[in-house]
Amino acid sequence: MNITNAEFVISNTDVQKCPAGTFPEYAFIGRSNVGKSSLINMLTGRKGLAMTSATPGKTMLINHFLINKSWYIVDLPGYGYAKRGQKGQEQIKRIIESYILQREQMTCLFVLIDSRLAPQAIDLEFTEWLGENSIPFAIVFTKADKLKSGRLSTNINEYLKQLKEQWEELPPYFITSSENRMGRKELLDYIESINKSLNSK
Ligand code: GDP
């Protein structure tokens, strides 16, 4: 799929104020600093569309970007930023959970995982919670350019092994780099295939 048009629509902290209408939404989430803004900019080919964070963990906003005038990329707040403090963390959790549980237009949630790290409890707990709530999701490993291929596959296999303990069937997963655009075609093709299946209903 080609992205010919990408525009920022609205930011808010309240799921009730998200755009009306029935366009499908593909939401992106992950720990603060996982590379979410860079990924959105890489996918859309628009460098400054999502704000890469000079101050990680600061934003609590749900950002809607309209793509090709027919579907949305939704940039959700990052989770797990310890410096935000307990109260801030709880506030973020409420915003994230209400979007994920209430937003009927959300078609797939992409959970971003830093491919450089060993499996993190916070990410595994989050995907477990998604499962308990029957939320459709896929995994996106980020920053793949930062590792040699052997190390990259070791880390990814380790993560998939952990996921297999939670799931009978693994969720779809993508290996990406915003630096060299690895995984871009695969991810956009996946979104396109879902859009097509929704249109044919
Ligand atoms: P966010 O907080 O999840 O939105 O993360 P950002 O997109 O702001 O990225 C956090 C940091 O990681 C920034 O310094 C980015 O330049 C860097 N980064 C993000 N994605 C990649 C990637 O694919 N490769 C490399 N080498 N660095 C990345």
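In this predicted model, the second largest pocket holds about 270 Å³ of space, and its lining draws two or more residues from each of the elements α2 (85-102) and α3 (121-132). The model also contains a ligand, around which 14 residues are placed, and the points below take the pocket and then the ligand site.

**Second largest pocket**

- The residues that line the second largest pocket are Tyr 79, Gly 80, Gln 89, Ile 92, Lys 93, Ile 96, Glu 97, Ile 122, Glu 125, Phe 126 and Trp 129.
- Helix α2 gives the largest share of this lining, with five residues.
- Sorted by class, the lining of the second largest pocket has six nonpolar, two polar and three charged residues.

**Ligand surroundings**

- Of the 14 residues that surround the ligand, the closest are Lys 36, Ser 37, Ser 38, Asp 145 and Ser 178.
- The shell around the ligand divides by class into one nonpolar, eight polar and five charged residues.

**Polar contacts and burial of the ligand**

- Two backbone contacts are found, in which a polar backbone atom of Ser 178 lies 2.7 Å from an oxygen atom of the ligand, and a polar backbone atom of Asn 33 lies 2.9 Å from an oxygen atom of the ligand.
- A side chain also takes part, since an N or O atom in the side chain of Lys 143 is 3.1 Å from an oxygen atom of the ligand.
- The ligand taken alone exposes 580 Å², and the protein buries 77% of that area.

Note on methods
Residues numbered from 1 in each chain as written. Predicted model: local features only at pLDDT ≥ 70, side-chain atom pairs only at ≥ 80, totals over all residues. Heavy atoms only, no water. Near = heavy atom within 4 Å. Polar contact = N/O pair within 3.5 Å; in protein donor to acceptor, adjacent residues only side chain to side chain. Areas by Shrake-Rupley, 256 points an atom, 1.4 Å probe, with all protein chains shown as cover. Nonpolar A, V, L, I, M, F, W, Y, C, P; charged D, E, K, R; others polar. 1 Å grid on protein atoms, 1.4 Å probe; cavity = no way out; pocket = protein on both sides within 12 Å on 5 of 7 lines; lining within 4 Å. Points joined across faces, edges and corners; volume = space filled by probe spheres on them. Helix = DSSP H or I, 4+ residues; strand = E, 2+ residues; numbered from the N terminus.
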